[in-house]
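Hi there,

Here is the structure I promised to pass on to you. Could you open it alongside this message and read the two together?

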Amino acid sequence: MERRELFSFLSSSVKEGLQEKKVEEVVLRPPYFSDVNAFDIECQNCDGLCATSCQEQIIIIGEDKTPRLDFSKSGCTYCDDCAVACLPNVLQIEDKKLIKATVEISQTSCMSWDGVMCFSCKDPCLEDAIEFKAMFMPTIDQEKCTSCGFCISRCPSYAIGVRE
């Protein structure tokens, strides 16, 4: 059994409780737009090619027919595929920027802050933005963080979240 599987098993009841507590969801858009209002206008008659072209499968089409990012299974590689596939040109490569979000670790939910040796968030961070004080107490260096979301899906206790 891998470390991630063990932590997932041990924290399954914690996960269920935390998922139920989610009150307000932050809507994150793919990082290739210049006008946020264009989603509401242009995406209404689109087939959602941005979502089907996403290699990480993190773009979902919401009930309002607009694309949003879902970091529950993976993160954004900034590969440009969604922008290339966007026929209404809401997403364009020349408008590429970092995802507009701040990623945070909840000290009360994080197992490492509770004394459990867990590096599940640090391992997938390509920017090395997650720093640990002594083997525990992870924090996110906001200067290095690209808000890609890979750490979010890897956290076994759902201690990592985003805010705008």
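Below is what I found, going from the whole chain to its core and then to one hairpin.

Please keep in mind that this is a predicted model. The chain has 164 residues, and 41% of them are buried. There are six helices and six strands, and in sequence order they follow the pattern α-α-α-α-β-β-α-β-β-β-α-β. Among contacts with a separation of 6 or more, 66% join residues 24 or more positions apart. On the outside, the chain exposes about 9,800 Å², with carbon and sulfur atoms supplying 50% of that area.

Now to the inside. The largest nonpolar core has 40 residues, and those with the most contacts inside it are Ile59, Phe71, Leu91, Ile99, Ile130 and Ile160. The elements giving two or more residues to this core are helices 3 (37-42), 4 (49-53), 5 (81-85) and 6 (150-154), together with strands 3 (102-105) and 4 (130-133). Helix 6 contributes the most, with three residues.

Ile130 is a good place to zoom in. Beyond its neighbours within four places in sequence, Ile130 is in contact with Ile105, Cys121, Lys122, Cys125, Pro138, Thr139, Ile140 and Cys151.

Strand 4 also leads to the hairpin. Strand 4 runs antiparallel to strand 5 (residues 136-140), and four bridges join the two. One bridge pairs Phe132 with Pro138 of strand 5. Two residues lie between these strands, and Ala134 in the turn has a positive phi of about 60°.

Happy exploring, and best wishes!

How values were computed. Residues are numbered from 1 along each chain as its sequence is written. This is a predicted model: local features need pLDDT of at least 70, side-chain atom pairs count only at pLDDT 80 or more; totals for chains, interfaces and linings use all residues. Side-chain values use heavy atoms; hydrogens and water are left out. A nonpolar core is a set of buried Ala, Val, Leu, Ile, Met, Phe, Trp, Tyr and Cys residues joined through side-chain atoms within 4.5 Å. Buried means under 20% relative accessible area, exposed over 50%, partly exposed in between (1.4 Å probe, protein chains only). Contact means heavy atoms within 4.5 Å. Two strands pair if DSSP finds at least two bridges between them. Accessible areas come from the Shrake-Rupley method with a 1.4 Å probe; for residues, only the protein chains shown count as cover.
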